[in-house]
Amino acid sequence: MSTLASDTRVALAIARKDALAELRGRHATVSTLFFAAVVLLLFGFALGPDSARLAAAAPGLLWLAVVFAGVLAVNRLHLLETDDGALEQLALYPVARRAIYAGKALAGFAAMLLLGLLVLGAVGVLFAVDIASAWLPLLATVVLGALGVAAVGTFYAGVTVRLRAREVMLPLLMLPVLAPLLLGAVKATSAALAGDPFGELGAWLQLLVAFDVIMVVAGAATYGFLLED
Amino acid sequence: MMLWPTISAPQTSMPQTTIYVSPRSLGAHDSRPPAVVTTDLARLFAGNAALAGVSLRVDAGGVIALLGANGAGKTTLLRVLATAIRPSYGRAQVDGFDIDRDADIVRGRVAYLSHATGLYDDLTARENLRFAAAMLGTPDAAQRVERALFDVGLSDRAADPVRGFSAGMRKRLALGRILLGNASLVLLDEPYAALDADGLSLVDQLLVAWREVGVTVLVASHAADRLEPFLDGRVLLARGLVAGVEGQGVTSFPPSLPVARGSLTGVSP
């Protein structure tokens, strides 16, 4: 079997296992969605009832909610591996370390994509933003943003999963690294909602693509060191 | 024990009368490299030497017991050989492959039963084994998973989440996972712990089955009497050092590390 086919098989097996465990236990879904909804509502209350103000702030709120809830989601996905020595067993399988990273990141990406789309819909309803007319660039932004959060989150969740203070350490490590993604995703969302009057959407999406490529490659290359004791 | 209900495996490739173990093509015993060679193997934890310089050769194809008191270094030696932890000093080879440089190859040749089972609580027994089969690249995975569940006596609980399993059932399932691979070296850490009478007998049968197909087994256990009929050789560890070896298929060498010589003082094999 070729290396690529073997890596793909392993990554899909891990992602499928995470999805199955999530469907059974619902460790991540419920808490993450509630958290995102609470973040959106609190920001809404803080900004007041002015609908123009809320609409203007919507792209920033959308991505803050996605990123904050994303920290929770990737942490929960890695907590599965703390079941009775599961992480050590995962590391002992005769498979490429990059394939293990790819599998965990794929599961994270699926979770983040679902979260991003649901939060986008919630923003459209709560803040009276017309997302339907710009659905394609918004979808591209959510896909790229979700991949970036999953790529960074999977790596740092691997760093913190063995730590006692992982719930504190994970956002401290993850959020500064996600700053370029947050900037690019907010700007791309703003441009898409405004109809891209200055033709800047493409550049922000390119920034997101570059961020994703760098983080996925770096994560895949270094994740193996995190599995070693 | 349940009859074999669902899978009609070809009798030639998967005999149903004994536990099915799938060895790699191992060849004749005398043509194979030693299963394990360690040279001055040491591992420190927070400055304390759990292994203090173990130099050992285990020939291919036997069942070797690692004996010794708590803290003697049995589990640490198994974990280093399984590539779960790196040695602090010294070298080790499995089937002639270096555990550090050729770790990927070694992982394909070693199966390890540790104190932790490495099972996912939210998945069923069958799902856990199917995941393991996918990770191990097991051919005919669906059949092999059902066979392994049958062999470890969990066919009737295959669809139940592992969360509700007892310690003994979890250990059986972890043994089932080993049956899905084709290891040439099996490392067992206290395999008899937590098992009922049937479970104890299962481990006995596994030792016999592995031995018959030429798989090397290193087993750390306090149940020396239980193990005795199946053993080819014994290694006594004390304070992270080899305090003595006896029987066939295992040889120890004097430690060359200064720390090892120092630690050996006062240990009587």
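1. In this note, helices are DSSP runs of H or I with at least four residues, numbered from the N terminus; on that basis Leu206(B) lies in helix H6 of chain B, which covers residues 197-212. The model under discussion is a predicted one, and the remarks below should be read with that in mind.

2. Is Leu206(B) buried or exposed? Leu206(B) counts as buried because its relative accessibility is 0%, and the cut-off for that class is under 20%. When neighbours within four places in sequence are set aside, the contacts of Leu206(B) are with Ile19(B), Leu175(B) and Leu179(B). Of these partners, Leu175(B) stands 31 residues away from Leu206(B) along the chain, and the C-alpha atoms of Leu206(B) and Leu175(B) are 9.0 Å apart.

3. Turning to chain B as a whole, the chain contains eight helices and 11 strands, and of its 269 residues 56% are buried. Among contacts in chain B with a separation of 6 or more, 72% join residues that are 24 or more positions apart. The area that chain B exposes comes to about 11100 Å², with carbon and sulfur atoms supplying 52% of it.

4. The next matter is the interface between the two chains. The size of an interface is often given as the accessible area lost when the parts come together. For chain A and chain B the buried area is about 2500 Å², of which 55% is on carbon and sulfur atoms. To this contact chain A brings 27 residues and chain B brings 31 residues.

5. How many salt bridges does the rule find across the interface of chain A and chain B? The rule finds three. Asp84(A) and Arg170(B) form a salt bridge in which the closest N and O atoms are 3.4 Å apart, a pair that qualifies because the cut-off is within 4 Å. As for polar contacts across the interface of chain A and chain B, the rule gives 11 residue pairs, with both residues of each pair at pLDDT 80 or more.

6. Which helices of chain A each supply at least two residues of the side that touches chain B? They are helix H1 (3-25) and helix H4 (86-92), and H1(A) gives the most to that side, with nine residues. By residue class, the side of chain A that touches chain B divides into 13 nonpolar, four polar and 10 charged residues.

Key. Residues are numbered from 1 along each chain as its sequence is written. Chains are lettered from A and ligands numbered from 1 in the order in which they are written. This is a predicted model: local features need pLDDT of at least 70, side-chain atom pairs count only at pLDDT 80 or more; totals for chains, interfaces and linings use all residues. Side-chain values use heavy atoms; hydrogens and water are left out. Contact means heavy atoms within 4.5 Å. Buried area is the accessible area (1.4 Å probe) that two parts lose on being put together, summed over both. A salt bridge is a side-chain nitrogen of Lys or Arg within 4 Å of a carboxyl oxygen of Asp or Glu. A polar contact is a pair of N or O atoms within 3.5 Å; within protein, one must be able to donate a hydrogen and the other to accept it, and residues adjacent in sequence count only if both atoms are side-chain atoms. Ala, Val, Leu, Ile, Met, Phe, Trp, Tyr, Cys and Pro count as nonpolar, Asp, Glu, Lys and Arg as charged, and the others, Gly among them, as polar. Buried means under 20% relative accessible area, exposed over 50%, partly exposed in between (1.4 Å probe, protein chains only). Accessible areas come from the Shrake-Rupley method with a 1.4 Å probe; for residues, only the protein chains shown count as cover.
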